Amino acid sequence: MVPMLAQYRDIAPKGTVEFLRRLGERAQGKSMLHVNSTRYGGGVAEILHRLVPLLAELGVNTRWEVISGTDVFYKATKSFHNALQGTKQRITTEMYDAYLHCNRENAKQLNLEADVAMVHDPQPAALIDAHPQGTRWIWRCHIDLSTPQRAVWQFLRAYVVRYDAAVFSLPKFAQRLPIPQFLIYPSIDPLSDKNRELMPEEINHILQRLGVPQDKPILLQVSRFDRFKDPVGVVEAYRLVKKSHDCRLVLAGGTATDDPEGAEVLAEVQGAVEMDPDVHVLLLPPTANIEINALQRAASIVLQKSTREGFGLTVTEALWKGKPVIGGETGGITVQVIHGQTGYTVNSPEGAAFYIKRLLNEPELLAAMGRQAKEYARHRFLITRHLQEYLGLIIHLSRRAS
Amino acid sequence: MMDYRAKQPFRFFSCMELREILGKRARDEQRLLELIEEAPADSIYYHTHSYYLRHPYTQSLYPNDFATWVALHAQDRILGERLGVLDPFDFDDIEELRGEIMAIIADHLDHERAAASRTTDEPFEFVRSHVIEVDLGIEVMTLREFRDAVSRVEVGAVYNHLCEARMRKRQLWGDFAYWLSAEMGLGLPDLAAQVVQVGRLGLSLEGMRERIVTLCDQVLSAS
């Protein structure tokens, strides 16, 4: 096996790799199992592809199982997901039954033996029914549970309370539970296509291909076309800035074909943009990782003007690329954007415009803030920190068990 | 001096924190005061000390979570300033520190009654940490070796020997100063006293590390 951890030596904070190796010694010989619902696509799978071999390299015998399901199951879990994130859904008895049936079937097929099992998100949560005696099970919640639809949460909660611990990405997502709830922020992998260093020629080539000239400062927001991301507010902020500063705005997001509200928001954005040649609305596929990377690196300032946000890994990605972020004062943005240090938190298009102008007027401030942003991301939001906390969790739970 | 060898080596231990969400939330200053009173000592420690580990090279608004939340989210700059100036290195015991924080908030609320119930959408979330200590396998016997190790170890080791040692392990001088001054260590009480002062300067952990290395360099170059 090619050692992966050493690749992070010059990227992670000083001494991190040695620290991880020493920490790994304390968890050596333990076995860990991750269970989720997809091998590819989505942030959870993306990070597991790296974390699983890294844990194994550190001596933790780590496996990753993926549950399989029927269309009814996936429809049910998609509705659960939306309901738990606060969008009202109608969930039928058949959907609950399909969910439980599918979990039972998976429990028969999967090898669930491990000292510590981490079950990700609601889809496989009911596997707890089949957990082997003497093992420690953790429910890892990646979604925003701050305002769940109560009936759906009550259903899921009956399973969650039987775990040994739960892990949330922000304190505000935690629920009233009789088990310990830990806080572990998500992370980005600095070696992935979305975050690795790019050569200037590579960036130029990609921007050319996307039709975005680099003749003036670029303001960028990367996000779905979703009202909570406030893309229309971003256009308003750009218009205010444009009165005095020549710049471009790039709104890069996913296609919205399966999401009627997304199509509506996209139409609103296109309406707001009118025929301005300095505004670029880019519909990119989910695989456009290098394109997003290049856009973030080419931008002068990155915006994430959300009015509601989970953790906001697009903010992390921008900080890692040394870009100050002007973000809405909500959710995980407030953990990442330290006002006046790594960017600015705002509550209105006017606030965003004010700070965009300040940064465009003061290139030295912009550069200094960008350096702070990168260092902050290096210490707090890279995969090496994530790895450290998972090891810590294994050690802590094993200590409690013995 | 450069060659003086301690009778007992200094061994570096780093640490990490596993954070536990306590599910206690304050949306206004009155509730914050009540929850500070009942929170476990580990949680008061986390919100007043772990800041250094979470912001090892840079500083946010104030060096403790209570002050930052009060100023940013409860929009109370006066109380933020009064809490922000608190120096955790002034206190030898977490209960003394808790008492001081409560006295400041209570006094403020006596005079600013409107502030007590002004609510915010971003509540203060109480967290506590479980510290996991890790032996880095680095032992030093001389000041030169000590200086070199301090300059290169993972920053958690600086936190462990300066902050953790004081409050949780009751080594009030911190491990570095204790070893530098001890007869079994290097027997350098003047340097040790200066190292103790480093904690009082309001620096980030990286700033503290840099200052300790500079102090060692001064002693080494004078000898």
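This note goes through a predicted model of two protein chains, A and B, point by point.

1. Basis of the note. Because the model is predicted, local features are reported at pLDDT of at least 70 and side-chain atom pairs at pLDDT 80 or more, whereas totals for chains, interfaces and linings use all residues. Residues are numbered from 1 along each chain as its sequence is written, chains are lettered from A in the order in which they are written, and side-chain values use heavy atoms, with hydrogens and water left out.

2. Chain B as a whole. Chain B has 12 helices and two strands, where helices (H or I, at least four residues) and strands (E, at least two) are DSSP runs numbered from the N terminus. Read from the N terminus, the elements follow the order β-α-α-α-α-α-α-α-β-α-α-α-α-α. The C-alpha trace of chain B spans about 65 × 30 × 25 Å along its principal axes. Of the 223 residues in chain B, 59% are buried, a term that means under 20% relative accessible area, with exposed meaning over 50% and partly exposed lying in between (1.4 Å probe, protein chains only). Among contacts (heavy atoms within 4.5 Å) in chain B between residues at least 6 apart in sequence, 73% join residues at least 24 apart.

3. Helices α1 and α7 of chain B. In helix α1 of chain B (residues 29–38), the buried residues are B:Glu29, B:Leu32, B:Leu33, B:Leu35 and B:Ile36. At the start of this helix, a side-chain oxygen of B:Asp28 comes within 3.1 Å of the backbone nitrogen of B:Gln30. Helix α7 of chain B (residues 113–116) holds B:Ala115, which is buried at a relative accessible area of 3%. When residues up to four places away in sequence are not counted, B:Ala115 touches B:Glu29, B:Asp76, B:His108 and B:Leu109. B:Ala115 also lies 9.5 Å from B:Leu79, C-alpha to C-alpha, with the two positions 36 residues apart in sequence.

4. Salt bridges within the chains. Side chains of opposite charge can pair when their charged atoms come close. With a salt bridge taken as a side-chain nitrogen of Lys or Arg within 4 Å of a carboxyl oxygen of Asp or Glu, the count comes to 44 over all chains. In chain B, B:Glu20 and B:Arg128 form one such pair (3.4 Å, N to O), and this pair links strand β1 (residues 10–26) to strand β2 (residues 124–140) across 108 residues of sequence. B:Glu20 is buried at 10% relative accessible area, while B:Arg128 is partly exposed at 22%. Another pair, B:Arg147 with B:Asp217 (2.6 Å, N to O), connects helix α8 (residues 143–152) and helix α12 (residues 205–222) of chain B, 70 residues apart. Here B:Arg147 is buried at 19% and B:Asp217 is partly exposed at 28%. In chain A, salt bridges that share partners join A:Asp215, A:Lys216, A:Lys242, A:Asp246, A:Arg248 and A:Asp278 into one network.

5. A charged residue without a salt bridge. A:Arg140, in strand β4 (residues 136–140) of chain A, is buried yet has no salt bridge, the nearest side chain of opposite charge being that of A:Glu389 at 7.1 Å; for this purpose Lys and Arg count as positive and Asp and Glu as negative, while His and the chain ends are not counted. A polar atom of the A:Arg140 side chain does lie 3.0 Å from the backbone oxygen of A:Ile184. Beyond its neighbours within four places in sequence, A:Arg140 is in contact with several residues, including A:Asp121, A:Phe168, A:Tyr185 and A:His386.

6. The interface of chains A and B. The contact takes 35 residues from chain A and 33 residues from chain B. About 3,000 Å² is buried between the two chains, with carbon and sulfur atoms giving 58%; buried area is the accessible area (1.4 Å probe) that two parts lose on being put together, summed over both. A:Lys14, A:Phe19 and A:Arg22 supply 21% of the area that chain A buries against chain B, more than any other three residues. Two salt bridges are found across the interface, and B:Glu122 forms a salt bridge with A:Lys172 whose closest N and O atoms are 3.7 Å apart. The elements of chain A that give two or more residues to this side are α1 (16–27), β6 (181–183), α13 (363–380) and α14 (383–401), and α14 of chain A gives the most, with seven residues.

Key:
Polar contact = N/O pair within 3.5 Å; in protein donor to acceptor, adjacent residues only side chain to side chain.
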